[in-house]
Amino acid sequence: MQINLIMKATHYDHGIEPLISKEMEMKDHSKAEDISSKLNDIAKAKGEKRTEYWVVSTEIPSLSRKLDDDIPF
């Protein structure tokens, strides 16, 4: 199952690593991209110059075991 995570990064000065967090998750990639873009527009409109949003897609493995796999162990 594919999942799309909308990530948020808040950047800081003086060499401090950015704070990265998961904002939300969605199944539909195009909707996730659209929401990410809107969140970036909102942050820009609010004057938040250190905040950005982006989408990370990943595959979540199934918990059910396949009986026809050819792995010998």
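This note sets out, point by point, the main features of a predicted model of one protein chain.

1. **Overall composition.** The protein chain contains one helix and three strands. Followed along the sequence, these elements appear in the pattern β-β-α-β. The helix therefore comes after two strands and before the last one in that pattern.

2. **The sheet.** The three strands make an open sheet, in which the order is β2-β1-β3 and the pairing is antiparallel. Strands β2 (19-26) and β3 (51-59) stand at the edges; each has a single partner strand, so one side of each is left without a neighbour in the sheet. From one strand to the next, the twist averages 30 degrees. The reader should note that the order in the sheet is β2-β1-β3, while the pattern along the sequence is β-β-α-β.

3. **Pairing of β1 with β3.** Strand β1 covers residues 2-10 and pairs with β3 in the antiparallel sense over nine bridges. Two pairs of residues may be located in the structure as examples. M7 has W54 as its bridge partner in β3, and L5 has V56 as its bridge partner in β3.

4. **Pairing of β1 with β2.** Strands β1 and β2 also pair in the antiparallel sense, here over seven bridges. Within this pairing, A9 stands opposite I20 in β2.

5. **The helix against the sheet.** Helix α1 is formed by residues 29-45 and lies across β1, β2 and β3. Relative to β3, helix α1 runs at about 165 degrees. Two residues of this helix, A32 and S36, are taken up in the next two points.

6. **Residue A32.** Is A32 buried or exposed? A32 has a relative accessible area of 0%, so this residue is buried. Leaving aside residues up to four places away in sequence, A32 touches N4, I6, M26 and V55. A32 and I6 illustrate how the fold brings parts of the chain together: they are 26 residues apart in sequence, yet 6.7 Å apart in space, C-alpha to C-alpha.

7. **Residue S36.** S36 also lies in helix α1. The relative accessibility of S36 is 3%, and S36 therefore counts as buried. Which residues does S36 touch, not counting residues up to four places away in sequence? They are I6, Y53, W54 and V55. I6 and V55 are also among the residues that A32 touches.

8. **Salt bridge within the helix.** The count of salt bridges comes to four, and three of them are described in this note. One joins D34 to K38, with the closest N and O atoms 3.3 Å apart. Both residues lie in helix α1, four residues apart, which is about one turn of the helix. D34 is partly exposed, at 39% relative accessibility, and K38 is likewise partly exposed, with a relative accessible area of 47%.

9. **Other salt bridges.** K22 forms a salt bridge with E25, in which the closest N and O atoms are 2.8 Å apart. K22 is partly exposed, with a relative accessible area of 45%, and E25 is partly exposed at 46%. A further salt bridge links the side chains of E48 and K46, at 3.5 Å from N to O. In this pair, E48 is partly exposed, with a relative accessible area of 29%, whereas K46 is exposed, with a relative accessible area of 60%.

10. **Surface.** The protein chain exposes about 6,100 Å², and carbon and sulfur atoms supply 56% of this area. Y12, I16 and L19 make a nonpolar surface patch of about 300 Å². Of these residues, L19 is found in strand β2.

11. **The chain as a whole.** Of the 73 residues in the protein chain, 19% are buried; A32 and S36 are among them. When contacts with a separation of 6 or more are considered, residues 24 or more positions apart account for 53% of them. The pair A32 and I6, 26 residues apart in sequence and in contact, is one such case.

Note on methods:
Residues numbered from 1 in each chain as written. Predicted model: local features only at pLDDT ≥ 70, side-chain atom pairs only at ≥ 80, totals over all residues. Heavy atoms only, no water. Pairing = 2+ DSSP bridges. Axes fitted to C-alpha atoms, helices over the stretch in contact; angles between N-to-C directions. Contact = heavy atoms within 4.5 Å. Buried < 20%, exposed > 50% of the residue type's maximum accessible area, 1.4 Å probe, protein only. Areas by Shrake-Rupley, 256 points an atom, 1.4 Å probe, with all protein chains shown as cover. Patch = residues over 30% accessible without salt bridge, like charges linked within 9 Å, V, L, I, M, F, W, Y side chains within 5 Å.
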